[in-house]
Amino acid sequence: MSLSPDQEDYFNSLEKPVYGAPFIERLRELQGYKNEFGSCYVPKRYPDNPKLGNWVNKSRQMYRKYLQGEKSSMTPERIEALNKIGFIWSGFEDLSMAVPVSIGGSNIEGSSTDISRKNAAFKVNATWMRSFQELKQYMEEEKDAPSASSKLGAWAARQRRARQNLQLGVKTTMTEDRIELLESIGFDWSPWDTKWNMRIQELRDYKQRFGDCMVPVHWKENPKLGSWVSTQRKYYKLHKAGETARITKERIRQLTEVGFVWDRMEYLWNEEVGLHSL
């Protein structure tokens, strides 16, 4: 867990009378941990450095007491120092995967086998946390979810499937703590429904503005809406032909209620002969 020269200079600049030598030392270890794993989430029972895991957990407790005006070892200076390196204040007590402590009824707590299994479980969790941090950063910068075709988008899709498995009682790596973490950054569990509802509203707005739902395929003001409208017509044709299509009866009903034009050529013909004015 090595530190960069700039990081070493920073920790050496911290005044012991202000922060306390033990605090600075643990903060230094936390920075090293972040350099290696990409985040400041240290499991409470971190096998490689149990003291660091306990200190991180204790720091959250002291922070909550500080906020409540209770006696606490936390100070504004310490809070600032922790924030500077990306400390996670949320109280997710232990996101590491559960690791059995016995095999065949024999307690193996503290054995080399137990430690290796805990380390393996921790590495799985550390990998998950790195992906989570990447997603968090992406969403903060792009204000949107990653493309489903990207590596990060594929990871997000796996989290949605894992959550479904959890709800169905199927074996999965998803936990309530991970769900809470994902929801804390605004993770969308049903992006298809979200996008559908957004397009429906855009279509309503278009109709209110122009009087119909004939959105041009290459409408410059909102190209995605024009492309979406054209795609729904294609899906509808497949549906009517009895073929597999990514449209449901409920969605057909929603579009029809808005005044969706299913057959563009028929609509234009009726308009030409004046049937729409009758």
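**Pockets, rings and buried residues**

Helix 7 provides 8 residues of the lining of the largest pocket, the largest share from any element. The structure is a predicted model, in which local features need pLDDT of at least 70, side-chain atom pairs count only at pLDDT 80 or more, and totals for chains, interfaces and linings use all residues. Residues are numbered from 1 along each chain as its sequence is written, and side-chain values use heavy atoms, with hydrogens and water left out.

The protein has 12 helices and 2 strands (DSSP runs of H or I with at least four residues, and of E with at least two, numbered from the N terminus). Along the sequence, these elements follow the pattern α-α-α-α-α-β-β-α-α-α-α-α-α-α. Of the 278 residues in the protein, 37% are buried (under 20% relative accessible area with a 1.4 Å probe and protein chains only; exposed is over 50%, partly exposed in between).

How much space lies in the largest pocket? The answer is about 820 Å³. A pocket is an open set of points on a 1 Å grid over the protein atoms alone, where a 1.4 Å probe fits, with protein on both sides within 12 Å along at least five of seven lines; lining residues have an atom within 4 Å of a point. Its volume is the space filled by probe spheres set on the points, which are joined across faces, edges and corners. There are 29 residues in the lining of the largest pocket, and Ala145, Pro146, Arg160, Pro191 and Lys195 lie nearest its centre. Two or more lining residues come from each of helix 6 (112–142), helix 7 (151–168) and helix 9 (191–210). By class, the lining of the largest pocket has 12 nonpolar, 8 polar and 9 charged residues (nonpolar: Ala, Val, Leu, Ile, Met, Phe, Trp, Tyr, Cys and Pro; charged: Asp, Glu, Lys and Arg; polar: the others, Gly among them).

The second largest pocket holds about 390 Å³ of space. At least two of its lining residues come from helix 9, and at least two from helix 10 (223–240). Helix 10 gives the largest share of this lining, 6 residues. Among the lining residues are Trp192, Lys195, Trp196, Arg199, Trp228, Tyr235 and Arg246. Sorted by class, the lining of the second largest pocket comprises 4 nonpolar, 3 polar and 5 charged residues.

Two of these lining residues, Trp192 and Arg246, also meet in another way. The charged end of Arg246 sits over the ring of Trp192, 4.7 Å from its centre (the rule asks for NZ of Lys or CZ of Arg within 6 Å of the ring centre and within 35 degrees of the ring normal). Arg163 likewise has its charged end over the ring of Trp189, 4.5 Å from the ring centre.

Rings can also pair with one another. The count comes to 16 aromatic pairs (centres of Phe, Tyr or Trp rings within 6.5 Å, using the six-membered ring of Trp; stacked with planes under 30 degrees apart, edge-to-face over 60, tilted for the rest). One of them joins Tyr19 and Phe23, which are stacked at 6.3 Å centre to centre with 15° between the planes. Tyr19 and Phe23 are both buried, and together with Trp55 they form one aromatic cluster.

Helix 5 (residues 76–84) shows two sides. Arg78, Ile79, Ala81 and Leu82 are buried there. They are on the same side of helix 5 because they cover an arc of only 165° around the axis (taken from the directions from the helix axis to the C-beta atoms). Glu80 and Lys84, on the other side of helix 5, are exposed.

Loops bring in residues from distant parts of the sequence too. Ile88 lies in the loop between helix 5 and strand 1 (102–103). With a relative accessible area of 14%, Ile88 is buried. Its C-alpha atom is separated by 6.3 Å from that of Tyr41, 47 residues apart along the chain. Phe260, in the loop between helix 11 (249–258) and helix 12 (264–272), counts as buried because its relative accessibility is 6%. Phe260 and Val229 are 31 residues apart in sequence, yet 8.6 Å apart in space, C-alpha to C-alpha. Is Asp144, in the loop between helix 6 and helix 7, buried, partly exposed or exposed? Asp144 is partly exposed, because its relative accessible area is 48%. Between the C-alpha atoms of Asp144 and Gly186, 42 residues apart in sequence, the distance is 9.9 Å.
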